[in-house]
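Subject: Structure handover

Hello,

The structure we talked about is below. My notes on it follow.

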Amino acid sequence: MNETTTYTTDLKSRLLSSFSQFEKELNGSISSPIHTLRKDALEQFDRLGFPTTKHEEWKYTDIKGLLKQDFDFAPTNNGVSTSVYDVQDLLIPDAEANILIFVNGIYQVGLSKIVSPSQDIIIKDFTEAYTTHASVIDSYFAKFAAYNTNAFVALNTAFAQKGSFIYVPNNKIVEKPVIIYHIADTSVGKPVSMPRNLLVTGKNSQASVVEVYLTKGEGTSFANTVTEIVIQENASLEHIKIQNEGSEAYNIGTTQVYQVRDSKFFSVTISLNGAIVRNDLNIVLDDQNCEANLYGLYMPTGKTHIDNHSLVDHAKPHSYSNELYKGILDGKSTGVFNGKIFVRQDAQKTNAFQSNRNILLSKEASMNTKPQLEIFADDVKCSHGATTGQLDNDMLFYLRSRGISLEKAKALLMHAFAADVVNQIKIEPVRHYIENAITSRLTE
Amino acid sequence: MLSIKNLQANIGDKQILKGLNLEVKAGEVHAIMGPNGSGKSTLASVLAGREDYEVTGGEVLFYGKDLLELSPEERAREGIFLAFQYPIEIPGVSTTNFLKTAVNEVRKARGQEPLDAVQFLTRMKEKMKLVEINQALLSRSLNEGFSGGEKKRNEIFQMAMLEPKLAILDETDSGLDIDALRIVAEGVNKLRTKDNATVVVTHYQRLLDYIIPDFVHVLYQGRIVKSGPKELALELEEKGYDWIKDEVSA
Ligand SMILES: Nc1ncnc2c1ncn2[C@@H]1O[C@H](COP(=O)(O)OP(=O)(O)O)[C@@H](O)[C@H]1O
Ligand SMILES: [Mg+2]
């Protein structure tokens with residue numbers, strides 16, 4: 001690297017000092033309720049600082065590599081015209097969907113396409129939504145994602161301005177999924193983005209939302225995301241998060257889910273690549289008869305580090321959660337799975353299941369798994385299990401004895417292993433996209 | 001076609017094959033019998049290329065080629081097929097998908113065009129009849145939750161699909177009721193040509209009523225200690241193996 005990096009102060013100071021510039025960009029909306037929260041979050045971020053491995057929740061995820069990057073932190077819309085971005089070949093093919101495209105955090109209205117009628121679903125850039133749906137945003141924004149304990153959530157909240165706002169009114173079944181692309185264009189520097197998404201599904205409604213993180217170019221980027229999800233009575237939401245960025249991408253995000261009576265949440269998190277990927281998925285089942293399904297697949301290779309933290313908080317009785325995370329780790333990659341299940345004293349008749357399965361393809365890859373069940377109710381059914389192993393030699397031999405090459409045999413077994421998660425994706429073009437990404441990975 | 005000379009193989013430190021000789025020619029059926037633990041499955045595994053076994057001596061030529069040099073998949077492409085004594089279950093891989101990959105890998109190695117979906121299906125349908133296996137079974141995960149008999153039938157079905165030159169059937173008869181045994185045996189017989197050969201490993205004479213061997217060999221303590229015509233199988237059925245053991249130690 002060149003010598004100009006010597007002037008760089010550390011990332012935290014730079015972020016803190018850019019806040020006043022950020023406020024100027026807000027053009028007077030600094031008297032709004034969310035701005036009070038932003039300022040509060042900034043203080044929290046200042047107080048918390050970036051976590052080190054001494055922090056219990058960051059024990060196995062060292063972000064030093066992120067902190068020493070000389071990011072272009074410019075919370076300005078630098079006026080790049082959208083037509084410059086040729087992103088078509090990055091997108092999921094054949095998807096009949098509502099499409100939102102953000103490049104380096106900035107909403108690209110010209111590239112986006114909303115197809116569902118607005119009486120069924122409101123899909124907007126967060127900034128615009130705050131002028132039209134301020135009351136919805138004010139009732140939910142930062143109410144669930146804890147910015148007083150997680151520095152990245154605090155940071156995101158402080159700079160919350162750009163992202164998606166999705167609101168499904170009561171009784172609406174939205175047929176077409178919403179696909180939100182966050183593309184880091186590294187050809188123009190080392191971009192930082194702080195996507196802030198709010199998804200609210202009204203009573204008896206149904207929707208599917210896909211978040212996709214991609215990189216254009218091979219350079220370094222940083223996305224720090226917070227997605228807050230509220231699922232109201234008897235509503236059902238399918239949420240898919242796909243990370244298929246470049247090897248120098250830092251992607252840290254929290255998905256915070258709040259569920260009430262008879263609601264269903266269905267989540268699939270697929271992490272294929274990055275420098276450091278950290279997913280926090282926190283679900284609060286705050287009423288009876290809620291259902292949460294959490295599926296995850298991570299396939300790090302090279303030096304990629306992927307950390308999945310999940311928390312399922314059973315606060316009330318008669319709810320169900322089921323979690324299955326699977327990992328295929330190659331190269332010198334590292335993985336972390338930390339799955340917490342809380343069953344509160346009140347939450348009798350809870351059913352909570354968790355499973356984490358890993359395959360290590362190389363001797364230098366490693367996986368750190370920690371299930372954490374804290375159960376304070378006595379009439380519950382809970383289980384958890386974790387395994388880490390290699391591909392089964394007897395299976396490989398069987399396949400090879402039929403003429404299938406070692407490479408193809410491995411690919412067949414890995415596809416089969418991943419299928420338990422991938423097949424959970426109901427949106428066909430999205431599932432095919434993942435299947436193809438896995439295939440091209442396995443035949444590299 | 002197959003020439004095994006003085007083959008010796010270990011698992012760990014334990015020698016299991018202790019100088020085994022066998023010649024198989026195109027068109028022939030050989031039966032290998034012998035008490036449990038004598039090394040029959042070891043021989044089958046070594047021929048198919050299982051890496052858990054270490055070959056410490058001897059040679060195996062298949063059409064003049066050194067078989068022991070080849071990987072399991074190369075052997076399969078040369079035309080070796082092992083019907084496993086204990087077929088393994090592979091969750092998440094459908095039999096159909098697996099076989100399509102296998103058939104086309106073998107074809108590719110032989111310089112043939114891959115079968116397209118329609119051709120493959122036609123071939124499947126034809127071969128399914130041969131062993132009376134049904135479509136529903138084949139669309140399930142490979143052997144997962146199959147009964148013992150279904151697994152064995154699936155082995156013979158795979159053999160039919162791959163059309164090997166040398167098929168080694170390791171105790172394909174065990175776990176089959178008499179009807180299934182007849183179906184499987186008839187399937188094997190229908191696949192016989194003057195250009196291929198079959199090695200049937202069994203310890204029951206009963207299978208040999210259906211698949212008539214040209215030669216019967218007794219494998220004992222890692223060697224073939226006796227060979228004879230098909231009548232030898234009847235003699236073994238009647239008298240057991242003790243007389244052979246006595247002959248060997250004499
Ligand atoms: N994985 C293994 N580890 C140690 N010994 C083995 C293993 N597999 C087979 N053997 C031993 O090798 C000998 C031959 O076994 P096998 O070839 O299966 O006999 P057969 O098929 O004739 O019954 C037996 O003594 C058996 O215990
Ligand atoms: Mg055996």
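How many bridges join S1(A) to strand S2 of chain A, and do these strands run parallel or antiparallel? There are 2 bridges, and the strands run antiparallel. Please keep in mind that this is a predicted model.

Strand S1 of chain A covers residues 98-103, and S2(A) covers residues 106-107. A:Phe102 has A:Tyr107 of S2(A) as its bridge partner. The two strands form a hairpin with 2 residues between them. In that turn, A:Asn104 has a positive phi of about 50°.

S1(A) is also joined to strand S5 of chain A (residues 178-185), here by 6 bridges and in a parallel arrangement. Within this pairing, A:Leu100 stands opposite A:Ile180.

As for burial, 6 of the 6 residues in S1(A) are buried. In a regular strand, side chains alternate between the two faces of the sheet. Both faces of S1(A) are covered: one carries A:Asn98, A:Leu100 and A:Phe102, the other A:Ile99, A:Ile101 and A:Val103.

The other item is in chain B. The magnesium ion (ligand 2) has two protein donors, OG of B:Ser41 and OE1 of B:Gln85, at 2.1 to 2.3 Å. These residues are 44 apart in the chain: B:Ser41 belongs to helix H1 (residues 40-48), while B:Gln85 is in the loop between strands S6 (80-83) and S7 (90-94) of chain B.

Are the two donors buried or exposed? B:Gln85 has a relative accessible area of 17%, so it is buried, the limit being under 20%. B:Ser41 is at 25% relative accessibility and therefore counts as partly exposed.

Regards

Key. Residues are numbered from 1 along each chain as its sequence is written. Chains are lettered from A and ligands numbered from 1 in the order in which they are written. This is a predicted model: local features need pLDDT of at least 70, side-chain atom pairs count only at pLDDT 80 or more; totals for chains, interfaces and linings use all residues. Side-chain values use heavy atoms; hydrogens and water are left out. Buried means under 20% relative accessible area, exposed over 50%, partly exposed in between (1.4 Å probe, protein chains only). Helices (H or I, at least four residues) and strands (E, at least two) are DSSP runs, numbered from the N terminus. Two strands pair if DSSP finds at least two bridges between them. Donors are N, O and S atoms within 2.8 Å of the metal (3.2 Å for Na, K and Ca); water is not among the atoms, so sites may look incomplete.
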